[in-house]
Amino acid sequence: MIFSCNIMPEKIFRFSLIILIPALGLFLLGILTGPGDMTLLDAWQALLGQARDPIARLIVWQIRLPRVILAAEAGAALSIGGLVLQTILQNPLSEPYILGISGGASVGAILGLICGLPQGLGLSLPAFVGACLATFFVLFWVRDNTSNEDLLLIGVMVNAFCSAIILFLISTIHNSKLHGVIFWLIGHIPSSSLNHSLLVGLMLLPCLVITFLFSHCLNIMLLGSEQSLSMGLRYRFISITVLVIVSVMTGIVVSNCGLLGFVGLTVPHLLRILFGYDHRILIPMCVICGSSYMVLCDLVARTIYVNQELPVGVFTAAVGAPLFIFLLKKTKLSQ
């Protein structure tokens, strides 16, 4: 049973090892491949610190490696966020972007930009506040008998409201900053320093650990709120705690990478097909596979055209939007 309290650690280790090996290969490919007049051998030597060319070391260690790390962190956080929302709200179509949580974080981040806060971690606090407001606005309208369609309509409403605010705020931004803000809103993994990427990871790590500690409780929540309460689970406390954690992670990701849609929808659903419904397995798998998925999307975004980079949000939406339509149709047929 997926609700069994005892799960063998070697089972988690075995699944993690199966996924981790190709994931590491993908991370290496993301570091070794990209714009720049370098061969794969030159990039590999630069990664090992054996390159004679200082330009090659600069590109690998100061541009590609921090970007791959940041992409991996964003993918892991958004995947966990989607997994948790789908469990708590008992809705397979829930994820931060669709429910307007990312939109709320974007409003907070743009307000921070207008107030003069630096991009990146400087926008994390206002983005977190915006994400929390959007989250609790959605929860205010959610009831036990809320249907999937009603929940989606609430999310669309929140997204539309946030989009209206964003458009108004963009109209007040100086033209010199306008292109960067729009590119960021589409979803973009920016170039950053290695220290910055590691600091983002340190901020996300406690959220991921706490979520994993709640994995057994999330398993029980699959039974529904009434059954969970009858089993002695502090349903409301755990739901609010985990939702705040999701808001924190969404705020951190949006403040650094903008709106990356459908990541939290795509990855959890594919992993449930492969590994089942046990969150003690799904959460580590979401970290590995979500980070790999985002690294792959970012790699395609920066290499598909020569001397031109596309927003990574274009590719996450291109994969996630058709899946969303398929799941919506499947959900309606099952009702």
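## Salt bridges, a cavity and some unusual residues

Asp278 and Arg280 are joined by a salt bridge, and their closest N and O atoms are 3.1 Å apart. The model shown here is predicted. Start with the two partners themselves. Asp278 has a relative accessible area of 9%, so it falls under the 20% cut-off and is buried. Arg280 is at 6% relative accessibility, and therefore it also counts as buried. Side chains of opposite charge can pair when their charged atoms come close.

How many salt bridges does the structure hold? There are four. One of them pairs Asp298 with Arg67, with 2.8 Å from N to O. Asp298 sits in helix 13, residues 279-303, while Arg67 sits in helix 3, residues 54-88, so this contact ties together parts that lie 231 residues apart in sequence. Are these two side chains buried or exposed? Asp298 has a relative accessible area of 1% and is buried. Arg67 is buried too, at 5% relative accessibility.

Asp298 has another partner. Its side chain meets that of Arg302 in a salt bridge, at 3.2 Å from N to O. Here both residues belong to helix 13. They are four residues apart, which is about one turn of the helix. Both Arg302 and Asp298 are buried. Now put the pieces together. Arg67, Asp298, Arg302 and Glu309 are linked in a network of salt bridges. Asp298 pairs with Arg67 of helix 3, and Asp298 also pairs with Arg302 within helix 13.

Stay on helix 13 for two more residues. Val300 is found in this helix. Its relative accessible area is 31%, so Val300 is partly exposed. Which distance separates the C-alpha atoms of Val300 and Gly30? It is 9.3 Å, although the two residues are 270 apart along the chain. Ile288 lies in helix 13 as well. Ile288 is buried, with a relative accessible area of 13%. Its C-alpha atom is 18 Å from that of Val246, and 42 residues separate the pair along the chain.

Next, look for empty space inside the protein. The structure holds one cavity of 30 Å³ or more. About 30 Å³ of space lies in the largest cavity. Which residues line it? The lining consists of Leu85, Leu89, Leu99, Ile101, Thr135, Val138, Leu139 and Leu243. By class, seven of the lining residues are nonpolar, one is polar and none is charged. Thr135 is the polar one, because threonine is in neither the nonpolar nor the charged class. Helix 5, residues 124-141, gives the largest share of the lining, with three residues.

Turn to the surface. Leu28, Leu41, Trp44 and Leu48 make a nonpolar patch of about 370 Å². Trp44 is found in helix 2, residues 40-47. Why can Trp44 count towards this patch? Patch residues need over 30% relative accessible area, and Trp44 is at 35%, so it passes that cut-off. At that value Trp44 counts as partly exposed.

Two backbone angles close the tour. Most residues other than glycine have a negative phi. Which phi does Gln90 have? Gln90 has a positive phi of about 55°, although it is not a glycine. This residue lies in the loop between helix 3 and helix 4, the latter spanning 101-114. Gln90 counts as partly exposed, at 39% relative accessibility.

Phe262 has a positive phi as well, of about 70°, and it is not a glycine either. Phe262 is found in the loop between helix 11, residues 235-257, and helix 12, residues 263-275. Its relative accessible area is 12%, so Phe262 is buried. Both residues with a positive phi sit in loops, but Gln90 is partly exposed, whereas Phe262 is buried.

Methods:
Residues numbered from 1 in each chain as written. Predicted model: local features only at pLDDT ≥ 70, side-chain atom pairs only at ≥ 80, totals over all residues. Heavy atoms only, no water. 1 Å grid on protein atoms, 1.4 Å probe; cavity = no way out; pocket = protein on both sides within 12 Å on 5 of 7 lines; lining within 4 Å. Points joined across faces, edges and corners; volume = space filled by probe spheres on them. Patch = residues over 30% accessible without salt bridge, like charges linked within 9 Å, V, L, I, M, F, W, Y side chains within 5 Å. Areas by Shrake-Rupley, 256 points an atom, 1.4 Å probe, with all protein chains shown as cover. Buried < 20%, exposed > 50% of the residue type's maximum accessible area, 1.4 Å probe, protein only.
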